[in-house]
Amino acid sequence: MPAFPQPFTSTVSHWQATNRGPTSLWNHGRDDPLPETADYVIIGAGITGASLAYQLTRPGAAGEGKTVVVLEAKDVASCASGRNGGHIAPRSWDLMGSLTAPLWEGPGGNEVRGSGLTPEEALDVYFFELDNLDLVEDIVKTEKLDVDFWKGSRLEVFSTTAGADKTRENLVAFKKAHAASAKHRSRPAQWEHVDDATEAKNVSRVTDAIALNKGPGGSWHPHRGTMALLRLALESPCSDFRLLSWTPVMSLEQVDGSGWSVDCGTRGQIKAPRVVLCTNAYTRHLFQDDLAAGQGVPAHLVPYRGHAGLVVPPTTFAGRNSLGTTYGFENGAYLISTVHSGLVLGPYWQAVLDTGLGTMSDIFFLEDDSVVVPKFREWIETFCKDRYRGWGPENRSEGPVHAWTGIMGVSVDLLPLVGPVPGKPGLLAAVGYSGHGMAMVVNITRCLAAMLRNEADDRSAAVVWDPRLPRSFEITEKRLKRAPHLAKAFSDPVGPVQTTSRS
Ligand SMILES: Cc1cc2nc3c(=O)[nH]c(=O)nc-3n(C[C@H](O)[C@H](O)[C@H](O)COP(=O)(O)OP(=O)(O)OC[C@H]3O[C@@H](n4cnc5c(N)ncnc54)[C@H](O)[C@@H]3O)c2cc1C
């Protein structure tokens, strides 16, 4: 069944609510006629589709002199990209722990699961995320984007002995892998570890901190960021670029020898030799056959509903006393300070499960972002005053002011799916960031655009992998075949995908 049009009205995030001015792209192209053909069709105008459109329409890129079309089911950044935490957060060596942990092997439940990578492959991802933050900064500065971009430090705060022990273990494994890696050892790790509880409390201002990791972090207004990239594509001097919002793709059909026919229902059809899926959690609705067969890209992606909220801090946490870093809390929140408005935070999925805030069926296999579940709202409302030292009383209109939900696409091996889709010539994808897309997407789409540039001259040749892109992101038959087995780790005893909330 198609995901769009949706039978509900989505919540409005802080980001969507604060980007309504004349340069925003609400309703852009919703009444424009569809071209009959295009060279590149991108499905989805979240950060992935927007960033790919930007990259493809630069002078010298694959889209130079070509028609590039973005089809978006709703408005630009109306899904995860306009509803997230705004955190552009490369992860510390703790990333190494989950990437090198074995793939899930047991039935159901809440077991440790990982990606099964070698330490060297995990290092590729570690440095790729650091590069992503630098690349976002570079684009924001070069293009002079007004998107509330901020770059500084991120703290990973630990409050349990088990958590502090685990991160030290991951640090030891990281150091060993880093020293042994001919490819990466000359690059600085950029993260440091604080083991002293008093120092951890002083640095973080968190009451129960006993250790922390400190490294690079960034944030931006993700709704403005996504729209800004699409505006640059619209202004491209060298590509014929079209953005059609409120144009849901209902199905895709392979056309012998000429690529794909993209059916947009009453909006029309487009034929294109290259189609790129930037549809994240909703990809599963496009290929029912793949889903039924339990293979393919759709079976590899589990929709996951996250909550986030905006908290206006009391003046004890404003001005000179405002938080100077972003945060990731063990068993807690991701949290950023917006440039003007307050703090945006929400619970990580592992925190939801580990603290008993919710169960698997409260988060996975849900696609309804029209609701805010009371227990999640309460958690967001009390988080800061419970955790920050000296938070102080909240006056009227301070404290929690806004909460919303959004749908992410969890990849069942916790690695994104990027590049050509096996068995479907001319079809590519960039999906499945498991709630961490802002930390990778801009770099992923830069590499994907470079791969399309390389093949543009010779379409008969196989797409040449961009060496900057971790090979573990490649969509291989092997990964797709193991998807149904791994998906059981996220499976819900109640039943299959729901399009309305069960909470
Ligand atoms: C509450 C929450 C908090 C998060 N916090 C963070 C964070 O702090 N840091 C971080 O790195 N990541 C975070 N994430 C994850 C991050 O937002 C995502 O990884 C990222 O936005 C994915 O971008 P995307 O463009 O691939 O997907 P989306 O933004 O979901 O975009 C996909 C687009 O495709 C469109 N689409 C789908 N199917 C069709 C179709 N058939 N036809 C036409 N269009 C279609 C959709 O309408 C949608 O606009 C968070 C997500 C949520 C929900």
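Modeller: A residue counts as buried when its relative accessible area is under 20%, and as exposed when it is over 50%, with partly exposed in between. The model discussed here is predicted.

Colleague: Is Gln 55 buried or exposed?
Modeller: Gln 55 sits in helix 2 (residues 47–56). Beyond four places in sequence, Gln 55 touches Ala 61, Ile 139, Val 442, Thr 445, Arg 446 and Ala 449. The relative accessible area of Gln 55 is 13%, and the limit for this class is under 20%, so the residue is buried.

Colleague: Which residue's side chain makes a polar contact with the side chain of His 223?
Modeller: His 223 belongs to helix 7 (residues 222–234) and counts as buried at 0% relative accessibility. Contacts of His 223 beyond four places in sequence include Trp 15, Trp 26 and Val 76. The side-chain polar contact, at 2.9 Å, is with Asn 19.

Colleague: Which helix gives the most residues to the largest nonpolar core?
Modeller: The largest nonpolar core has 71 residues, and Leu 56, Leu 230, Ile 444, Leu 469 and Phe 473 touch the most other members. With 12 residues, the main contributor to this core is helix 4 (residues 119–142).

Colleague: Where does this core lie with respect to domain 1 and domain 2?
Modeller: The domain assignment gives domain 1 as 14–82 + 223–301 + 413–490 and domain 2 as 151–217 + 303–411. Both domains give residues to the core, so it lies between them.

Colleague: What area is buried between domain 1 and domain 2?
Modeller: The centres of the two domains, taken over C-alpha atoms, are 29 Å apart. The contact takes 21 residues from domain 1 and 19 residues from domain 2. Carbon and sulfur atoms give 60% of the buried area, which is about 1,800 Å².

Colleague: Which residues in domain 1 lose the most area to domain 2?
Modeller: Helix 1 (residues 14–17) supplies the largest share of the side of domain 1 that touches domain 2, with 3 residues. Three residues together account for 37% of what the domain 1 side buries: His 14, Trp 15 and Phe 490.

Colleague: How many residue pairs are in polar contact between domain 1 and domain 2?
Modeller: Salt bridges do not enter here, as the rule finds 0 across this interface. The count of residue pairs in polar contact is 8.

Colleague: How many residues apart are Asp 413 and Arg 482?
Modeller: Asp 413 and Arg 482 form a salt bridge, with the closest N and O atoms 3.1 Å apart. Asp 413 is buried at 0%, whereas Arg 482 is partly exposed at 22%. Asp 413 lies in the loop between strand 16 (399–411) and strand 17 (417–420) and Arg 482 in helix 14 (residues 477–487), so the pair links distant parts of the chain, with a separation in residues of 69.

Colleague: Which residues do salt bridges that share partners join into one network?
Modeller: Glu 137 and Lys 141 form a salt bridge at 3.1 Å, and both lie in helix 4, about one turn apart. Glu 137 counts as buried at 19%, while Lys 141 is exposed at 58%. The network is made up of Asp 134, Glu 137, Lys 141 and Lys 151.

Key
Residues numbered from 1 in each chain as written. Predicted model: local features only at pLDDT ≥ 70, side-chain atom pairs only at ≥ 80, totals over all residues. Heavy atoms only, no water. Core = buried A, V, L, I, M, F, W, Y, C linked by side-chain atoms within 4.5 Å. Buried < 20%, exposed > 50% of the residue type's maximum accessible area, 1.4 Å probe, protein only. Helix = DSSP H or I, 4+ residues; strand = E, 2+ residues; numbered from the N terminus. Domains from an automatic or database assignment. Contact = heavy atoms within 4.5 Å. Buried area = accessible area lost by both parts, 1.4 Å probe. Salt bridge = Lys/Arg side-chain N within 4 Å of Asp/Glu carboxyl O. Polar contact = N/O pair within 3.5 Å; in protein donor to acceptor, adjacent residues only side chain to side chain.
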